[in-house]
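Dear colleague,

I am handing over the structure below, together with an account of what was found in it. Please look through it before reading on.

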Amino acid sequence: MAKISQESVDRVKAVTLVDLVQALGLPTKRVGKQLFIPCPNPAHNESKIDTCCIEINKNIFNCFHCTDVRGNSAMSYYSWHEFGQREGRFKESVLGVAQLMDIEVKDERGLIMKPGSNTYKPSVKVNSQELKPQPIQVVDAFYRAMLSMCPLRQEHADELMQKRRYSVEEINLHMFRSVPTLEEWINIYAKLKSLNYPFERIPGLSQIFQPDFYNSKFPKELGEAGVFKDSNGKSHNGHWYYVLSAAKGYFIPVLNEDGYIVRLRVRKDSGSPKYVWFSSTHNIEIEDTIQKARRNGVSSGGPISIEIPPDYLKVWERGVNVSNLFQTRTLLVTEGEHKAKISAKTFNVFSAGLPGAGNFNELLKLIRKWNIEKLIIAYDMDTCVLF
């Protein structure tokens, strides 16, 4: 049988994951730029739709519970959904997606394999350009400087001391700080800029555009002059200003194995989920609405938090691998940054906090690297993980 033409494959590849799950009639839950969906893996044993999500602007999906369920096309999700596997059913997946979206498919000879139309247009725009974060050392230096200028509100200090049982010294050691208000951020922004810290491609920061006619709270000297063309083709003169992607919560620094702050987690004051990444985006190539346009932002990803007891943390210098400071033959693995920090302190043990119960792919690499002899898995009782 003749192969499907490349033209038809490309047309089906243009189908977005958002449109596919809608065509499949699946339940969804929108959280920011992510769309949570049912995991297509038949072996997935979680009933809630809070572990598998689509990054809408990037057109990728990933299940944080299942180790190998991910993809960057409607066909890959369809293959998992219909056949329970990622590969091996390419032709059936192309035809299946085409059937759902009413797309014509031809073979290499030009003969029609599945009748349909060629009028499909994605309901969402996909950002093909994803910027890379600044080097870890630059990110670390920026975060440390920013956190040193952020306040710690009383309600956050009370939660950390009363509920989490951190001491004042430990709160400062872990650099917990409240997310600044807009007015506080403008002052921090000005100080960091005067010290020549870079803002572009720092996870959690991105630029918004404010036209000159807008009564902005930002001083113009903080911004970058520019022009924005809206969806009607009208050009607006204005300025780009850096803003934070979080509000009303506190920051939890995430350290890597070399003692650098690689990312920030945010514990929100309210709403679900309680914990979110300090993450941003760059969508200027696809967004023509002023209020939604973002520039020079990057994703945080979901790194592992490496933790050691406070007495060792005090003397941990950036750039020194944790294995040179603390014995790593025993590793306690838990879910979340707080649990990892508290476990390291309570049991005087080397600890790793996973950003999700199933996010252990990177951890497995570190286990081999450190030659771990004893692995302690300390998850909640309602979590089941197979190693």
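**Helix 2 and its surroundings**

The cover over the buried residues of helix 2 includes strand 2 (34-36), strand 3 (52-55), strand 4, helix 3 and helix 4 (90-101). Please keep in mind while reading that this is a predicted model. Helix 2 itself spans residues 17-24, and its buried residues are Leu 17, Val 18, Asp 19, Leu 20 and Val 21. Just after helix 2 comes Gly 25, whose phi is positive, at about 75°.

**An aromatic pair between strand 4 and helix 3**

Two of the elements that cover helix 2, strand 4 and helix 3, are also linked to each other by a pair of aromatic rings, with Phe 61 in strand 4 (residues 60-63) and Tyr 77 in helix 3 (residues 74-83). The two residues are 16 residues apart, and the pair thus links distant parts of the chain. In general, such a pair is described by the distance of the ring centres and the angle of the planes. For Phe 61 and Tyr 77 the centres lie 5.2 Å apart and the planes stand at 85°, and because an angle over 60 degrees counts as edge-to-face, the pair is placed in that class. Both partners are buried, since the cut-off is under 20% relative accessible area, and Phe 61 has 2% while Tyr 77 has 1%.

The structure holds 21 aromatic pairs. There is also an aromatic cluster, formed by Phe 142, Tyr 143, Trp 185, Tyr 189, Tyr 197, Phe 199, Phe 218, Tyr 241, Tyr 242, Phe 251 and Phe 278.

**The chain as a whole**

Taken as a whole, the chain has 11 helices and 18 strands, and its C-alpha atoms fill a box of roughly 70 × 60 × 35 Å along the principal axes. The radius of gyration is 24 Å, which agrees with the value near 21 Å that a compact globule of 387 residues would have. Of these 387 residues, 49% are buried, and among the contacts with a separation of 6 or more, 61% are between residues 24 or more positions apart.

As for the surface, the accessible area of the chain comes to about 19,300 Å², and carbon and sulfur atoms hold 49% of that area. The chain carries 50 positive and 43 negative charges, and the mean positions of these two groups are 1 Å apart.

With kind regards

How values were computed:
Residues are numbered from 1 along each chain as its sequence is written. This is a predicted model: local features need pLDDT of at least 70, side-chain atom pairs count only at pLDDT 80 or more; totals for chains, interfaces and linings use all residues. Side-chain values use heavy atoms; hydrogens and water are left out. Helices (H or I, at least four residues) and strands (E, at least two) are DSSP runs, numbered from the N terminus. The radius of gyration is taken over C-alpha atoms; the globule rule is 2.2 Å times the number of residues to the power 0.38. Buried means under 20% relative accessible area, exposed over 50%, partly exposed in between (1.4 Å probe, protein chains only). Contact means heavy atoms within 4.5 Å. Accessible areas come from the Shrake-Rupley method with a 1.4 Å probe; for residues, only the protein chains shown count as cover. Lys and Arg count as positive and Asp and Glu as negative; His and the chain ends are not counted. The place of a charge is taken as NZ of Lys, CZ of Arg, CG of Asp or CD of Glu. Rings of Phe, Tyr and Trp (its six-membered ring) pair if their centres lie within 6.5 Å; planes under 30 degrees apart count as stacked, over 60 as edge-to-face and the rest as tilted.
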